[in-house]
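Q: Hey, could you walk me through this one? I'd like to start with the overall layout and then get into the details.

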Amino acid sequence: MKTVCLFDIDGTLLSAGGAGQHAMEQALEEVFGVQGPYHDIPAAGRTDWAITRDLFAFHDLEVTDHQWQRFLEAYLRLLPISMTTKNGQVLPGVNELLNELSRRDDVALGLLTGNLEVGARLKLRHFDIDHHFHFGGYGDSHLDRDDVARLAHRAAGEHLTTEIHADRLWVIGDTPADVKCGRAIGAKVLAVATGIHSISELEPSRPDDLRESLADVDSVLRTLIG
Ligand SMILES: [Mg+2]
């Protein structure tokens, strides 16, 4: 029986140093000639579709297919450049943890992220950790992270030939929204305080495991696969 681990990206696997936000703002400026400030539009735990809808609304821009495609083209072109200029990093323990999980044939690794699928791959490829993930749910077309969790769950089911058991299904994330969406698919949740939320802010959402970081890889492995 396989253990399925669904990883969030920003604040969990890596810190992009604000590269995603920066590329979105640059894309808005380049395509529509508009500028922020955008500090009232929250990003953590939300989908890119939800964030960009808010950004468009902020500027009274219509979300037509054409406008969206123009924005998307610019954002995905600017994101890799933004990744190289911002001071992002893979978070503590992540490389070792992914290597350990990847070499086990009783573990399947997927993504559960609010990022657009192509954006997610670009961020992971920047740090050479994209090869660990073979399926996922992404934030291309849903406002609610719970729907993204359902996509990821379904993608895991299609990727695996065996049944997924709820007690061997884990969501690993850094926001209360990650804990909530894990519950929506009956998963266990490991929450980590390496994003914008502290331990005390994550506690009320009652994750199954809560820790400062993923740095203690042996302990994380014991939690996830026993
Ligand atoms: Mg996150």
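Q: OK, how is the protein split into domains?
A: Keep in mind this is a predicted model. The domain assignment gives domain 1 as 3-16 + 89-225, and domain 2 as 19-85.

Q: And how far apart are the centres of domain 1 and domain 2?
A: Taken over C-alpha atoms, the two centres are 24 Å apart. Domain 1 puts 21 residues into the contact, and domain 2 puts in 18 residues.

Q: How much area is buried between domain 1 and domain 2?
A: About 1500 Å², with carbon and sulfur atoms giving 72% of that.

Q: How many salt bridges are there between them?
A: The count is 0 between domain 1 and domain 2.

Q: Then how many residue pairs are in polar contact across that interface?
A: There are 7 such pairs, with both residues at pLDDT 80 or more.

Q: Which elements give two or more residues to the side of domain 1 that touches domain 2?
A: Those are helix 5 (117-126) and helix 6 (145-159). Helix 5 gives the most to that side, with 5 residues.

Q: What's the mix of nonpolar, polar and charged residues on that side of domain 1?
A: You get 9 nonpolar, 8 polar and 4 charged residues there.

Q: Can we zoom in on Leu76 for a sec? Where does Leu76 lie?
A: Leu76 is part of helix 3, which covers residues 65-85.

Q: What does Leu76 touch?
A: Leaving out residues up to four places away in sequence, Leu76 is in contact with Leu116, Val118, Gly119 and Leu122.

Q: And how far apart in space are Leu76 and Arg183?
A: They're 31 Å apart, C-alpha to C-alpha, with their positions 107 residues apart in sequence.

Q: Switching topic to the metal: which residues coordinate the magnesium ion?
A: Asp8 and Asp174 coordinate the magnesium ion through OD, and Asp10 does so through O, at 2.1 to 2.2 Å.

Q: How are those donor residues spaced in sequence?
A: The spacing for the magnesium ion reads D-x1-D-x163-D. Asp10 and Asp174 link distant parts of the chain, 164 residues apart.

Q: Where do Asp10 and Asp174 sit, in terms of strands and helices?
A: Asp10 is in the loop between strand 1 (3-7) and strand 2 (14-15). Asp174 is in the loop between strand 6 (169-173) and helix 7 (176-184).

Note on methods. Residues numbered from 1 in each chain as written. Predicted model: local features only at pLDDT ≥ 70, side-chain atom pairs only at ≥ 80, totals over all residues. Heavy atoms only, no water. Domains from an automatic or database assignment. Contact = heavy atoms within 4.5 Å. Buried area = accessible area lost by both parts, 1.4 Å probe. Salt bridge = Lys/Arg side-chain N within 4 Å of Asp/Glu carboxyl O. Polar contact = N/O pair within 3.5 Å; in protein donor to acceptor, adjacent residues only side chain to side chain. Helix = DSSP H or I, 4+ residues; strand = E, 2+ residues; numbered from the N terminus. Nonpolar A, V, L, I, M, F, W, Y, C, P; charged D, E, K, R; others polar. Donors = N, O, S within 2.8 Å, 3.2 Å for Na, K, Ca; no water.
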